[in-house]
Amino acid sequence: MEYLKCFVVGGLICLIGQILLDRTQLTNGKIMVLFLVAGAVLQAIGVYGPIVDFAGAGATVPISGFGYALAKGAIEEVKSSGIMGAFSGGLAATASGITAAIVFGYLAALLANPKSKS
């Protein structure tokens, strides 16, 4: 049942993105930024946390999940360290994921032997 919940929520997030691509003049980058900010705002008002609890990776893997993680880290750090925690909390909460993306992207580039498009 968890796989089904994950699939449905992740699919709905992707469906929203596809509708935005098809029905608006927004570019891929603008939609990604919109999703990232939406994840952060929804976490700040307390809506995205229950979605993550319900769907797990279906809500955390899309880019809106990154916004959620940034906001969650910042909010937790503000509670423990004060207002300066807003600047460091989000980065501390997402540092391992960012590092993994960089390392695995680099390893994939080494294995794929990419060529320049000149």
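This is a walk through the helices of a predicted model, from the overall fold to single residues.

The chain has 118 residues, and 23% of them count as buried. Its secondary structure is six helices and zero strands. Read from the N terminus, the order is therefore plain: α-α-α-α-α-α. The C-alpha atoms fill a box of roughly 50 × 35 × 30 Å along the principal axes. Consider contacts between residues at least 6 apart in sequence: 51% of them join residues at least 24 apart.

Start with α1. This helix covers residues 2-23. It has 22 residues and spans 31 Å from first C-alpha to last. That is close to the 32 Å expected at 1.5 Å a residue. Which residues of α1 are buried? They are Val9, Gly10, Ile13, Gly17 and Leu20. These buried residues sit on the same side of α1, because they cover an arc of only 90° around the axis. The other side of α1 carries exposed residues: Tyr3, Phe7, Asp22 and Arg23. The buried residues of α1 pack against four helices, namely α2 (28-44), α3, α4 (57-60) and α5 (63-81).

Leu12 also belongs to α1. Is Leu12 buried, exposed or partly exposed? Its relative accessible area is 46%, so Leu12 is partly exposed: the class lies between the 20% limit for buried and the 50% limit for exposed. Leu12 and Ser64 are 52 residues apart along the chain, and their C-alpha atoms are separated by 12 Å.

Now turn to the pairing of α1 with α3. Helix α3 takes in residues 48-55. The two helices pack at an angle of about 135°, and their axes lie 8 Å apart. That angle makes α1 oblique to α3. Why oblique and not roughly antiparallel? The roughly antiparallel class needs an angle over 145 degrees, so about 135° falls outside it. From α1, the residues in the contact are Lys5, Cys6, Val9 and Ile13. They meet Tyr48, Ile51, Phe54 and Ala55 in α3. By class, this contact has seven nonpolar residues, no polar ones and one charged residue. The charged one is Lys5, because Lys is classed as charged. Val9 and Ile13 take part in this contact, and both are among the buried residues of α1.

Helix α3 has its own buried set: Tyr48, Gly49, Val52 and Ala55. Seen down the axis of α3, these residues fall within an arc of 145°, so they line one face of the helix. They pack against α1, α2, α4 and α5. Tyr48 and Ala55 are buried, and both also meet α1. Just after α3 comes Gly56, with a positive phi of about 60°.

Further along the chain is α5. This helix has 19 residues and reaches 27 Å from its first C-alpha to its last. The expected value at 1.5 Å a residue is 27 Å, and the helix is close to it. Which residues of α5 are buried? They are Ser64, Gly65, Gly67, Tyr68, Ala71, Gly73 and Ala74. What covers them includes α1, α2, α3, α4 and α6 (85-112). Ser64, named above with Leu12, is one of these buried residues. Gly82 follows α5, and its phi is positive, near 95°.

The packing partners tie these parts together. Buried residues of α1 pack against α3 and α5, among others. Those of α3 pack against helices including α1 and α5. Those of α5 are covered by helices including α1 and α3.

How values were computed
Residues are numbered from 1 along each chain as its sequence is written. This is a predicted model: local features need pLDDT of at least 70, side-chain atom pairs count only at pLDDT 80 or more; totals for chains, interfaces and linings use all residues. Side-chain values use heavy atoms; hydrogens and water are left out. Axes are lines fitted to C-alpha atoms, for helices over the stretch in contact, and angles run from 0 to 180 degrees between N-to-C directions. Angles under 35 degrees count as roughly parallel, over 145 as roughly antiparallel, 65 to 115 as roughly perpendicular and the rest as oblique. Contact means heavy atoms within 4.5 Å. The expected span of a helix is 1.5 Å times one less than its number of residues. Buried means under 20% relative accessible area, exposed over 50%, partly exposed in between (1.4 Å probe, protein chains only). The arc is that of the directions from the helix axis to the C-beta atoms.
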